[in-house]
Amino acid sequence: HRPDGRPSEETARQLVLSAFIAGMARYEWVYMTMEGELIPSEVTLVRVPRGEDYTVAGYIRDLREQKEAIAEISRARDLAEQNARAKSEFLASVSHEVRTPVNAILAMTRTVSDLDVDDSIRTVIEQGARSARLLTSAIDSILDFSRIESGEVALDAKPFDVGAVAESIHQMLAGEAEDKGISLHTEIAGDLPERVRGDAVRLEQ
């Protein structure tokens with residue numbers, strides 16, 4: 001019997017009659033071998049002349065490999081979606097673990113910056129706060145990872161001072177460069193506009 005409850009023989013006769021009237025019919029059918037194996041197939045019926053009359057000739061194509069390939073693609077898609085969800089959950093968990101101490105650092109730097117301290121110490125504090133804020137923005141970018149893969153991440157297009165960004169990067173790297181005996185210099189091209197439009201945070205990253 002067919003899934004709709006009708007006998008297979010009745011459905012087959014109707015399909016053959018339909019092919020005879022229309023000239024051709026194509027449909028999927030599931031055959032069962034003597035051993036009980038189900039074989040999904042595509043059946044093509046064509047009306048052909050036979051002497052002074054017409055008959056219906058049929059061609060059967062085995063769809064087992066095609067169905068298995070479709071099932072494999074579906075399994076691979078489901079696995080990819082599962083991995084994507086697991087990755088997003090992992091990144092969200094890690095970002096939370098990192099963001100908590102970073103926020104504490106920012107709070108402490110704000111507290112210390114209100115104190116009466118030497119300018120050199122204040123500079124170090126400001127550099128630490130700037131680095132912490134940059135780390136926070138990097139965490140936000142990590143959370144965008146899944147959107148990056150799907151091409152859905154949009155860059156900001158806001159005016160910003162290129163020189164200020166370059167100076168910020170210089171200050172963050174200067175201490176480490178000095179420790180390694182490297183002389184670090186920053187130069188801004190004279191023909192570069194003072195303010196440009198773009199994503200300052202990602203440029204600084």
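Let's start on the surface. L17, F20, I21 and Y54 make a nonpolar surface patch of about 420 Å². Keep in mind that this is a predicted model. Which helix gives the most to that patch? Helix α1, residues 8–22, does, with three residues. Take I21 as an example. I21 sits in helix α1. Its relative accessible area is 61%, so I21 is exposed, because the cut-off for exposed is over 50%.

Next, the strands. Strand β1 covers residues 24–32, and strand β2 covers residues 38–50. How do these two strands pair? They run in the antiparallel sense, over nine bridges. One facing pair to find on your screen is V30 and P40, with P40 in β2. Now look at the turn. β1 and β2 form a hairpin, and five residues lie between them. G36 is in that turn, and G36 has a positive phi of about 95°.

Here is a general point before we go on. In a regular strand, side chains alternate between the two faces of the sheet. With that in mind, let's take two residues of one strand.

First up is S41. S41 belongs to strand β2. Is S41 buried or exposed? S41 is buried, because its relative accessibility is 2%, and buried means under 20%. What does the side chain of S41 reach? One of its polar atoms lies 3.2 Å from the backbone oxygen of I39. Now set aside the neighbours within four places in sequence. S41 is then in contact with Y27, E28, W29, Y31, I60, R61, D62 and L63.

Now E42. E42 is also placed in strand β2. Its relative accessibility is 18%, so E42 counts as buried. Leave out the neighbours within four places again. The contacts of E42 are R26, Y27, E28, Y59, I60, R61 and L63.

R61 in that list brings us to charges. Side chains of opposite charge can pair when their charged atoms come close. How many salt bridges does the structure hold? The structure holds seven. I'll walk through three.

Number one joins E28 and K67. Their side chains meet at 3.0 Å, N to O. E28 is in strand β1 and K67 is in helix α2, so this pair ties together parts that are 39 residues apart in sequence. How open are the two partners? E28 has a relative accessible area of 44%, so E28 is partly exposed. K67 is at 33%, so K67 counts as partly exposed.

Number two joins E42 and R61. Their closest N and O atoms are 3.3 Å apart. This pair links distant parts of the chain: E42 in strand β2 and R61 in strand β3, residues 53–62, with 19 residues from one to the other. You have met E42 already as a buried residue, at 18% relative accessibility. What about R61? R61 is partly exposed, because its relative accessible area is 32%.

Number three joins D62 and R64. Here the closest N and O atoms are 2.5 Å apart. D62 is at 38% relative accessibility, so D62 counts as partly exposed. R64 is at 34%, so R64 counts as partly exposed. Which residues are linked in a network with this pair? E37, D62 and R64 are linked in a network of salt bridges.

Let's move along helix α2. This helix spans residues 64–113, and T109 is in it. Is T109 buried or exposed? T109 is buried, because its relative accessible area is 13%. Without the neighbours within four places in sequence, T109 is in contact with I125 and A129. Now a distance. How far is T109 from I60? They are 49 residues apart in sequence and 76 Å apart in space, C-alpha to C-alpha.

One last stop. Where does D191 lie? D191 is in the loop between α5, residues 162–179, and β5, residues 195–198. D191 counts as exposed, because its relative accessibility is 72%. Now go back to the start of the chain and find T11. D191 and T11 are 180 residues apart along the chain, and 79 Å separates their C-alpha atoms.

To recap: a nonpolar patch with L17, F20, I21 and Y54, a hairpin of β1 and β2, and seven salt bridges. Thanks.

Conventions. Residues numbered from 1 in each chain as written. Predicted model: local features only at pLDDT ≥ 70, side-chain atom pairs only at ≥ 80, totals over all residues. Heavy atoms only, no water. Patch = residues over 30% accessible without salt bridge, like charges linked within 9 Å, V, L, I, M, F, W, Y side chains within 5 Å. Areas by Shrake-Rupley, 256 points an atom, 1.4 Å probe, with all protein chains shown as cover. Salt bridge = Lys/Arg side-chain N within 4 Å of Asp/Glu carboxyl O. Helix = DSSP H or I, 4+ residues; strand = E, 2+ residues; numbered from the N terminus. Buried < 20%, exposed > 50% of the residue type's maximum accessible area, 1.4 Å probe, protein only. Pairing = 2+ DSSP bridges. Polar contact = N/O pair within 3.5 Å; in protein donor to acceptor, adjacent residues only side chain to side chain. Contact = heavy atoms within 4.5 Å.
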